[in-house]
Amino acid sequence: MNGKDVKGFFEDCKTAAKEILEHVEKDGFIPIFCHNDPDGVTAGSILAKAVYRAGGDFLLRVIDRIDEKTVNEVRKIPSNFYVFAEIGSGYLDLLKPLSEQTKILVIDHHRPLEVSYPNLTHVNPMLHGIDGAKEISGSGVCYFVAKNMGEENLDQSCLAIVGALGDLQDRTGNRCLESLNKQIVEEAEKRGLVEVTTDLLFYGRETRPIHKAIATTMNPFIPGLSGEEDVCLGFIVNLGIPLKKDDHWRSVADLTHEEKQKIFSELTIYLSKKGFSGEAIFQLIGCVYTFLRENKWTPLRDAREFASILNACLKMGRAGVAVALCLGNRGEALDEAQNLLNEYRKTIGHRISLLFEKPQTIVEFENMYLVRCHGIVEERILSPIATILSSSGGLNPNKPIIALTKTEDGGRIKVSARANQTLVDKGLNLGVIMQNAAQKVGGQGGGHNIAAGATIPANEEENFVKFVSQMIGLQR
Ligand code: C5P
Ligand code: C5P
Ligand code: ZN
């Protein structure tokens, strides 16, 4: 469809809200299935809380993908109504059998299949010409649904901001959220929930010593500095910036304007020498979203750090901790999440070094990079590894990255594909490519134009790669 129809999208959100409320009234119980990533759990949690506030009971289950196995698992939970949050739009055909006995509601922002059938309600901004890769996330869509279920859910705007940043929806907007995401930010600002400032985007800008904040930053990945605390310490000392005030470590937030400028210009020189583009360097500055109701000195006060914590919990297989944080638990849940984050960072750092140590794993083709991660990167962390590789500056940014690894059972291959906005503007759509190429080899795939994925049979790697390469060639 041509043109944006925001009004039509909001109408769909209203319809979904009405359906949920009707089912809360009739059955009292709603099973919600959400995707296993930060945008997915925030999406599911927003709906779960809204159901609870409306007087209903919920079951919130985090799922990796939709396939026949998942559909059978869903069926085991008896209900007249199933809700899918931030997952499902690309797999409406697989969900169809569920709809024969039950109503299903899919609230998502991934590239949708053009399929409709009775008993399906489908809410997706892409059906109204709104870009689900940068204008609104899955949790954002759930926020607009929840808002229609009751004004009390306006406070859930914060989770929608976390979800959008978890999906890197700020990447193409100078590290600031735009469009409908921005509308959500403004609604949160009006209620005194969030404060937006512009600053250097190092991880732990309020909570960590400066050198640690730089070393912990993975997005963008700064080769030579990310993961290297000692090098970062030397970097700051060489600039003549004091690391401590009295006995306390200073944080990035404590730096003066001049000191920040010094760091930024030195990093600019450093990164340009490494071949980074201006666009990549400016990924270091952007909008900081501070949640004013979260305790000072905790990572949940910064929206990006909140998203990173959720991501670590999920990737380390502890979805329950992520859900607990989204539903408002702190204390022990937060302590556990912080431990998981440390463990996760170590794992990622280790896998990235292994990939670069074994250069034959990264193969440059005429129109793409193929990163064969078999035996090096586990399925559950392939996605962040692909994202880091695409922002690390080490590879030509004008070629998409296709990363592959065998699944734990060895029977299938998980694929994560990443591009940049320049390629997307030239017509590249990885979501279409992953969907079509996977289908050709008996697998499943989908996603966004800029970031997509697939699962394919293990013996089809070669054919799949051939199809992907051909399709990339045709799109450009
Ligand atoms: O399933 P979902 O939509 O939540 O996943 C989005 C994925 O796409 C994330 O892994 C995110 O890192 C990636 N992404 C990206 N660049 C963008 C938008 C999304 O790498 N501009
Ligand atoms: O797993 P990864 O983060 O690489 O996925 C990138 C995007 O592609 C996500 O939005 C994800 O939901 C989508 N995807 C999909 N179907 C798959 C794998 C990933 O729609 N089989
Ligand atoms: Zn998402």
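**Two ligand sites in a predicted model**

I would like to start at ligand 2, where a polar side-chain atom of S383 sits 2.7 Å from one of the ligand's oxygen atoms. Please keep in mind throughout that this is a predicted model. Two further polar contacts involve oxygen atoms of ligand 2: an N or O atom in the side chain of R418 is 3.1 Å away, and a backbone N or O atom of G446 is 3.3 Å away. Taken alone, ligand 2 exposes 450 Å², and the protein buries 82% of that.

Around ligand 2 there are 17 residues, and those that come nearest are Y91, H110, S383, K414 and S416. By class, this shell holds 11 polar, 4 nonpolar and 2 charged residues. Strands β13 (412–418), β14 (444–447) and β15 (451–457) each supply at least two residues of the shell, and β15 gives the largest share, with 5 residues.

Let me turn now to the zinc ion, ligand 3, whose protein donors are D39 (OD), E86 (OE), H109 (NE2) and D167 (OD), lying 2.0 to 2.2 Å from the metal. The site has 6 donor atoms with angles of 55 to 173 degrees among them, and its geometry is irregular. Along the sequence, the donor residues follow the spacing D-x46-E-x22-H-x57-D. Here D39 in helix α2 (residues 38–53) and E86 in the loop between β3 (81–85) and α4 (92–95) are 47 residues apart, so the pair links distant parts of the chain.

Are these two donors, D39 and E86, buried or exposed? D39 has a relative accessible area of 0% and is therefore buried, and E86, also at 0% relative accessibility, counts as buried as well.

Conventions: Residues are numbered from 1 along each chain as its sequence is written. Chains are lettered from A and ligands numbered from 1 in the order in which they are written. This is a predicted model: local features need pLDDT of at least 70, side-chain atom pairs count only at pLDDT 80 or more; totals for chains, interfaces and linings use all residues. Side-chain values use heavy atoms; hydrogens and water are left out. Donors are N, O and S atoms within 2.8 Å of the metal (3.2 Å for Na, K and Ca); water is not among the atoms, so sites may look incomplete. Four donors count as tetrahedral if all angles lie between 85 and 135 degrees; four count as square planar and six as octahedral if opposite donors are over 155 degrees apart and all others between 65 and 115; anything else is irregular. Helices (H or I, at least four residues) and strands (E, at least two) are DSSP runs, numbered from the N terminus. Buried means under 20% relative accessible area, exposed over 50%, partly exposed in between (1.4 Å probe, protein chains only). A residue is near a molecule or strand if one of its heavy atoms lies within 4 Å of it. A polar contact is a pair of N or O atoms within 3.5 Å; within protein, one must be able to donate a hydrogen and the other to accept it, and residues adjacent in sequence count only if both atoms are side-chain atoms. Accessible areas come from the Shrake-Rupley method with a 1.4 Å probe; for residues, only the protein chains shown count as cover. Ala, Val, Leu, Ile, Met, Phe, Trp, Tyr, Cys and Pro count as nonpolar, Asp, Glu, Lys and Arg as charged, and the others, Gly among them, as polar.
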